[in-house]
Amino acid sequence: MELVPAQLEDLDPLLTIYDRARQRMHAQGNFQWADDYPGAQRLRADLARQTLYLLKIAGKTIGACALIPGPDETYQVIRDGRWLNPAPYWAIHRLVVDPLQQGQGYARALLQAAEQRALAQGIYNCRIDTHAANTGMRRLLAKSGYTYCGIIVALDGIDRLAYQKVLPG
């Protein structure tokens, strides 16, 4: 299992994974990702910034996420709480595991790999947000040692639950 930077040729298979994940989310009543999110344009921007990473097992893409050095504009204001500290952080966005591979611990492995990459860059904090209806992600974050910090407003104008983890080191 490895976390590797995504390449342009990964875009189409990755869009398929995001589409399957979005359909599953919608079927569960979680509309965190609109019909076109994240979409090719956003993923191309992540590729151009070299912030899109893939979780691969035996060469097969299982999941992905964007690892974006802070500050993140949507994390500038938090209400009903506060961040654990003001230290430099990486924001983890667009975390996805192929629904055909879910239930095998890959989401947790993806988070851990992202954290290890942050540590390798001297970053000791990760922040992430999710929709209140995304109970699977909320459970994953709690099990993975993330602390609920408050509410942020995402770029789409909708409230998100915000979490932070201080990494050991």
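Helices (H or I, at least four residues) and strands (E, at least two) are DSSP runs, numbered from the N terminus. The structure is a predicted model, in which local features need pLDDT of at least 70 and side-chain atom pairs count only at pLDDT 80 or more, while totals for chains, interfaces and linings use all residues. Residues are numbered from 1 along each chain as its sequence is written, and side-chain values use heavy atoms, with hydrogens and water left out.

Tyr146 lies in the loop between helix 4 and strand 6 (147–153). With a relative accessible area of 6%, Tyr146 is buried (buried means under 20% relative accessible area, exposed over 50%, and partly exposed in between, with a 1.4 Å probe and protein chains only). When neighbours within four places in sequence are left aside, Tyr146 is in contact (heavy atoms within 4.5 Å) with Ile92, Leu111, Glu115, Cys126, Ile128, Leu141, Tyr163, Gln164 and Lys165. Arg127 is 19 residues from Tyr146 along the chain, and the C-alpha atoms of the two are separated by 8.4 Å. Between helix 4 and this loop residue in the sequence comes Gly145, which follows helix 4 and has a positive phi, near 90°.

Helix 4 itself has the buried residues Met137, Leu140 and Leu141. These three cover an arc of only 95° around the axis and are therefore on the same side of helix 4; the arc is that of the directions from the helix axis to the C-beta atoms. Arg139, Ala142 and Lys143 are exposed on the other side of helix 4. The buried residues pack against strand 4, helix 3, strand 5 and strand 7 (159–166).

Helix 2 was examined in the same terms. Its buried residues are Gly39, Leu43, Asp46 and Leu47. They lie on the same side of helix 2, because their arc around the axis is only 110°. Gln41 and Ala48 are exposed on the other side of helix 2. The cover over the buried residues of helix 2 includes helix 1, strand 2 (52–57), strand 3 (60–69) and strand 4. Just after helix 2, Gln50 takes a positive phi of about 60°.

Side chains of opposite charge can pair when their charged atoms come close. A salt bridge is defined here as a side-chain nitrogen of Lys or Arg within 4 Å of a carboxyl oxygen of Asp or Glu, and a search of the whole structure finds 8 of them. In helix 2, Asp46 is bridged to Arg49, with the closest N and O atoms 2.6 Å apart. The two residues are 3 apart in helix 2 and so are separated by about one helical turn. Asp46 is buried, at a relative accessible area of 0%, whereas Arg49 is partly exposed at 46%. A network of salt bridges links Asp46, Arg49 and Arg94.

In helix 1, the side chains of Asp19 and Arg22 meet in a salt bridge (2.9 Å, N to O). Asp19 and Arg22 are also 3 residues apart, which places about one helical turn between them. Asp19 is partly exposed, with 31% relative accessibility, and Arg22 is buried, with 7%. A further salt bridge joins Arg160 to Asp156, their closest N and O atoms being 2.9 Å apart. Here Arg160 is buried at 5% relative accessibility, and Asp156 is partly exposed at 44%.

Gly29 is found in the loop between helix 1 and helix 2 and is partly exposed, with 41% relative accessibility. Gly29 and Ala133 are 104 residues apart in sequence, but their C-alpha atoms are 7.2 Å apart in space.

Pockets were sought on a 1 Å grid over the protein atoms alone; a pocket is an open set of points where a 1.4 Å probe fits, with protein on both sides within 12 Å along at least five of seven lines, and lining residues have an atom within 4 Å of a point. The largest pocket holds about 1,400 Å³ of space, the volume being the space filled by probe spheres set on the points, which are joined across faces, edges and corners. It is lined by 49 residues, of which Gln32, Trp33, Leu95, Asn134 and Met137 are the closest to its centre. At least two lining residues come from each of helix 1 (11–27), helix 2 (39–49), strand 4 (90–97), helix 3 (106–120), strand 5 (125–130) and helix 4 (135–143). The lining has 21 nonpolar, 15 polar and 13 charged residues, where Ala, Val, Leu, Ile, Met, Phe, Trp, Tyr, Cys and Pro count as nonpolar, Asp, Glu, Lys and Arg as charged, and the others, Gly among them, as polar.
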